[in-house]
Each structure stands twice: as C-alpha cells, then as structure tokens.
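Please look over the chain and its ligands before reading on. A short briefing accompanies them.

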Amino acid sequence: MKELLILSGKGGTGKTTITSSFAWLAKNKVLADCDVDAADLHIILSPQESQRHDFISGVKAVVNPSKCTACGTCFELCRYDAIDISDTALVDDFSCEGCGVCAHFCPENAIDLVPNHCGYWFVSDTRFGTLVHAELKPGEENSGKLVSLVKQKARERAEDEGANLLLVDGPPGIGCPVISSFSGADLVIAITEPSKSGLHDLKRVIELSNHFKVPTCVIINKWDLNKSISEEIHEFCTRSKIRLLGTIPFDKRVINALVAEKTVFEEFKDCKAAQSIANIWHQIEKTLEEVKSEPEQRPR
Ligand code: SF4
Ligand code: SF4
C-alpha cells in the first residue's frame, strides 16, 4: 500500500478541493483528513459516522472544592496563570498545561490531575470510501499527536480493507501537525497558487520534504491568475529538480461545485479544471508506480 500526502504551505490554495477530486478518481483507497484543527474535507464528502472515539492527551488540574481552603498556594505557584482564587481555587482549562505543580504543593491534597479529553477521532463511510478524520476541541494544542493517531488508524483500516492507497489530506502550514503527517508518506504533492506568498510557502514545504527525504511533486492551482509568478514557480521547480506535475486553470465551476458540496467531477466533469485534475491524477498514479518499482531512483 502507498501513502500519498497532499500538502500546501498555507490554507486557501484549493488543497481540499483537489484532494476530494483525487478521492473521486482514486480506486481502492482509504481517506485520512489530517487537517485536525480545521477539518473541511467532510463538507464535500458528507461522511456518515460509523465510529466515534475519544482523543485523550495529557492531564488537567481539577480542584476538589470540599477540600480546598483557598490558601492561595496554587495561585502563587502556577506559572501559566491558570488559577484564580474565589471561595475556592478555580482552574482555567484553556490555560492549564497539566504540569502538576499545584497538585504537588497543595497542602490539602485538593487538586487531582485528570486525563484531558482533547477531542474525537472518527471512522466514517463516504460515497468515495472510508474516511478517518478527527476534531480537536478549540484551544487544544495536541494536533501533532492527533494527526499521528488519525494516520495510524487510517493505515490499519486500509490494511483491513486491502486498499492499495492511503490518500491523506494534510494540514496547512509547516508546523507540528504537518511534520507528523510526513511519517510513512511515499509521495508528497505540494499544491501552490501563483502568488509571492504561495511561492514562499511552497519553498518551506519543499525544505521539509527534503529534510524528511520524501519524494515531492508540485501542482499550481489557478495558475492563470498570475502567469508570471506561475513561470517563477516553474523555474524554481526546474532549479530544485522538483517535478511540476501540472497546472490547473481558474474555473468558477470548481467554486460552484464546492458550493453544492460536490467535487468538480460530479457537477462539471468536462470543464477545463476537471480535465487538468484528471491529467494530473494520471501523472500521480504513474509517479506512485515509479516510487514502488525503483525506490532508489524516486522522483524529486
Ligand atoms: S493550594 Fe490547595 S487548598 Fe490552597 S487554594 Fe489551591 S487547591 Fe485550595
Ligand atoms: S497543573 Fe500546572 S498549569 Fe495546570 S493549574 Fe496546576 S500549576 Fe497551573
């Protein structure tokens, strides 16, 4: 089984739109949505939840008001300003980092450290196959761990189903969740748009994939909105020996399909953008085969 990771240096490049189109085109696959901070693949895929699991990570302080004498020790010791004192000590869940100092020094043993419920992960059925996805509660910061969990569960599911592809919608940016999403990837597709910031963010994604030694190819979405920067991206790819798999023209029908919560193939399969995406998918399939047959000569 191969793992295909779709990334973009930032949000708004059309990554999810393109990933959902790949989901429509790919055969015998399992899907993983690793954008756990702001998942949006489900908008197009309309998943029917079949499993829901808690995501627990770290601990939080909880005060037992019947034991607390409001002495203020915990208030003074908490370096995250997570404690307020009223009739008893009050812990602000958003600020508590679970360091345990308050519990250790409370003279009344009035503070417990309890497992922190950060969110959920799901297995769902979609019209394109199984989707493993997740939801992190607002303010929680364990997205890297949750990405690893989603990928692990999606991989297990893909093996159970005998799938030959795990298609992963990666998180935006280059932070901790993106780094987690690289683990196990056979091929990265970096989606960019023709803007100065798009090129800047693309370079950062390429640096990461070079660091992790994962073969990476590039797609320019809405390339015709700024042809001169598209040319700059092309030159950057040539200089860096990165394969530019293809370009997708701006097409309002892609947005119309998105508004209808469908892929462009389901609504306007003969439009130019759909044809470009289909051609690119054909290139991706060939590239995945090359990765498979000649690992020592993986395309960069
Ligand atoms: S240290 Fe313990 S007893 Fe003192 S205010 Fe905090 S929770 Fe209450
Ligand atoms: S566990 Fe640490 S961060 Fe949380 S309230 Fe106690 S001292 Fe503050």
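The notes below run from the overall build to single residues.

This is a predicted model. The protein holds 11 helices and 11 strands. Its domain assignment gives domain 1 (2-46 + 127-297) and domain 2 (57-117). Two ligands are covered below, each with its closest residues.

**Overall build**

- The C-alpha trace spans about 70 × 40 × 40 Å along its principal axes.
- Domain 1 and domain 2 have C-alpha centres 42 Å apart.
- Of the 300 residues in the protein, 44% are buried.
- Among contacts with a separation of 6 or more, 75% link residues 24 or more positions apart.

**Ligand surroundings**

- Ligand 1 is surrounded by 14 residues. Cys68, Cys71, Thr73, Cys74 and Cys106 are the closest.
- The shell of ligand 1 divides into 10 nonpolar, 3 polar and 1 charged.
- Ligand 2 has 13 residues around it. Here the closest are Ala61, Cys78, Cys96, Cys99 and Cys102.
- The shell of ligand 2 divides into 10 nonpolar, 2 polar and 1 charged.

**Helix α5**

- Helix α5 covers residues 143-161, which is 19 residues. At 1.5 Å a residue, α5 should span 27 Å. The end C-alpha atoms of α5 are 26 Å apart, which agrees.
- Buried residues of α5 include Leu146, Val147, Leu149 and Val150. Lys151, Lys153, Arg155 and Arg157 are also among the buried residues of α5. Ser143, Ala154 and Ala158 are buried in α5 too.
- The cover over these buried residues includes the strands β2 (29-33), β3 (48-63), β6 (111-126), β7 (129-136) and β8 (165-169). Helix α6 (176-182) is also part of that cover.
- Glycine 162 comes just after α5 and takes a positive phi of about 70°.

**Helix α8**

- Helix α8 runs over residues 227-239, 13 residues in total. The expected span of α8 is 18 Å at 1.5 Å a residue. The end C-alpha atoms of α8 are 18 Å apart, in agreement.
- Ser230, Ile233 and Cys237 are buried in α8. Seen down the axis of α8, the buried residues fall within an arc of 55°, so they line one face of the helix.
- The face of α8 turned away from the buried side carries Ser228, Glu235, Thr238 and Arg239, which are exposed.
- Cover for the buried residues of α8 includes β9 (187-192), α7 (196-211), β10 (216-221) and β11 (243-248).
- Lysine 241 follows α8 and has a positive phi, near 55°.

**Positive phi in loops**

- Alanine 70 is not a glycine, but its phi is positive, near 60°. Alanine 70 sits in the loop between β3 and α3 (73-77).
- Alanine 70 has 17 other C-beta atoms within 10 Å, so it is partly exposed.
- Lysine 222 is another residue with a positive phi, about 55°, although it is not a glycine. The loop between β10 and α8 holds lysine 222.
- Lysine 222 counts as buried because it has 21 C-beta neighbours inside 10 Å. The cut-off for a buried residue is 20 or more.

**Two strand residues**

- Serine 50 is in strand β3. With 11 other C-beta atoms within 10 Å, serine 50 is exposed.
- Beyond residues up to four places away in sequence, serine 50 touches Val123, Ser124 and Asp125.
- Serine 50 and valine 123 are 73 residues apart along the chain, yet their C-alpha atoms are separated by 5.8 Å.
- Alanine 32 is in strand β2. With 28 other C-beta atoms within 10 Å, alanine 32 is buried.
- Leaving aside neighbours within four places in sequence, alanine 32 is in contact with Val132, Val150, Lys151, Ala154, Leu166 and Val168. Val150, Lys151 and Ala154 are among the buried residues of α5.
- The C-alpha atoms of alanine 32 and valine 123 are separated by 9.4 Å, with their positions 91 residues apart along the chain.

How values were computed:
Residues are numbered from 1 along each chain as its sequence is written. Chains are lettered from A and ligands numbered from 1 in the order in which they are written. This is a predicted model: local features need pLDDT of at least 70, side-chain atom pairs count only at pLDDT 80 or more; totals for chains, interfaces and linings use all residues. Helices (H or I, at least four residues) and strands (E, at least two) are DSSP runs, numbered from the N terminus. The expected span of a helix is 1.5 Å times one less than its number of residues. A residue is buried if 20 or more other C-beta atoms lie within 10 Å of its own, exposed if 12 or fewer, and partly exposed in between; C-beta atoms are placed from the backbone. Two residues are in contact if their C-beta atoms, placed from the backbone, lie within 7 Å. The arc is that of the directions from the helix axis to the C-beta atoms. A residue is near a molecule or strand if its C-beta atom, placed from the backbone, lies within 6 Å of it. Ala, Val, Leu, Ile, Met, Phe, Trp, Tyr, Cys and Pro count as nonpolar, Asp, Glu, Lys and Arg as charged, and the others, Gly among them, as polar. Domain bounds come from an automatic or database domain assignment.
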